[in-house]
Amino acid sequence: MANTMPLPEWLRFIDSEYLSSFIRDGGASIKFAVTRDGLKPALYEALESQCRTSGYVVVKLDAVATRVHMPQDIFFGIANQVDWRLSARRLIMKLAAERGYRVDHLDPHQDRNPFAAIGEANALESESIYRELRPFIDSDVAKNRHMAKDFRVAMSHFCQCENRRGNDSYVGQPLIDWLTGAVTRVSHVKPFSVYTSINRTTARHFIESALYWFRYVGYAGTVILFDNSRVTLARNPKDGFRHYTRAMAMDHYEVLREFVDTTDQLTGALMVVVTNSEFLDETGPKGYHIYQALMTRIMDDVHDKNQVNPMASLVRLS
């Protein structure tokens, strides 16, 4: 039987070697944590608390609710847990600080016009702040080629939409609906000069863009807690929740393999795939052995007889 690593020890390693340094500096990594169901709450609670305290965006995906064999649904799952308007306000205040304006005491979490708030803090009119920052929103966001074109256009519109007066309604809601998958018709966002649907083909570019954006606006990075245990169920329990066929399981493993292969294209991201022993079962119908391309990338083919390598892609936790 393979050796296991105590959860607290693994968490300390993740913090010291990844969260405190590598991920914060812009690196990315995919980890597979094999554990029993009873240990998952402790893993989630400890890791989520650790990450939020360190300034990370924390996203939780579960194969029970999210179609994890569809890349666009993974992006929609991420997008639904993000405050896009907050990210725009963070970017606006970052641009203002870079121009020498006083913004230290301003809270981007407050739902108010950030241009007006910056103006009040610096004894200036909000429109003068907007006029000065608008060219930098265009150059630093709308023309930032680290992000997919339609994504960066959407982010620039989010920044401009924050320049509201009084009780004006928020006009950027169609963009939020498009990003979260609430409305998938691209015609919904054409007035914002956005022309690309978020689908199986384009989703990966949007995921990469989102991870870059979160770090660009000032977060330490992004941590994705990804529970795929539901995928490995051999039979449909018919409990009213999502069930994955063998073909769907293979599609899911291909999505994971693509994440592993394109880690260098992700920015400031740690993905922890939380799974179970069935995932490793080479005799079961839906273990990772059914997709050899993933198995060969994460299996611990060389390992010590007594010690667990904490840097391995796949670790069994106890």
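Select D150, F151, R152, V153, A154, M155, S156, H157, F158, C159, Q160 and C161: these are the buried residues of helix α7. Buried means under 20% relative accessible area, exposed over 50%, and partly exposed in between (1.4 Å probe, protein chains only). The model is predicted: local features need pLDDT of at least 70, side-chain atom pairs count only at pLDDT 80 or more, and totals for chains, interfaces and linings use all residues. Residues are numbered from 1 along each chain as its sequence is written, and side-chain values use heavy atoms, with hydrogens and water left out.

Now show all of α7, residues 149-161. Of its 13 residues, 12 are buried, so the rest of the structure largely encloses α7. Helices (H or I, at least four residues) and strands (E, at least two) are DSSP runs, numbered from the N terminus. Add α4 (84-98), α5 (114-121), α6 (126-142), α8 and α9 (203-216); the buried residues of α7 pack against them. Contact means heavy atoms within 4.5 Å.

Check the length of α7 next. Its end C-alpha atoms are 18 Å apart, which agrees with the 18 Å expected for 13 residues at 1.5 Å a residue. The expected span is 1.5 Å times one less than the number of residues.

Move to α3 (residues 71-79) and α8 (residues 173-180). Their axes are 7 Å apart and meet at an angle of about 135°. Axes are lines fitted to C-alpha atoms, for helices over the stretch in contact; angles run from 0 to 180 degrees between N-to-C directions. The two helices are therefore oblique to each other. Under 35 degrees counts as roughly parallel, over 145 as roughly antiparallel, 65 to 115 as roughly perpendicular, and the rest as oblique. Select F75, F76 and A79 of α3 with W178, L179 and T180 of α8 to see the contact.

Turn to the sheet. Five strands form an open, parallel-paired sheet in the order β2-β3-β4-β1-β5. Strands pair if DSSP finds at least two bridges between them. The edges are β2 (56-62) and β5 (314-316). Six bridges join β3 (residues 221-227) to β4 (residues 269-275). Pick F226: its bridge partner in β4 is V273.

Add α1 (residues 7-22), which lies across β1 (28-34), β2, β3, β4 and β5. Helix α2 (residues 40-53) lies across β1, β2, β3 and β4.

Finish in the loops. Between α5 and α6 sits A123, with phi near 55°. A123 is exposed at 72% relative accessibility. Between β3 and α10 (246-261) is K238. Its phi is positive, about 50°, although K238 is not a glycine.
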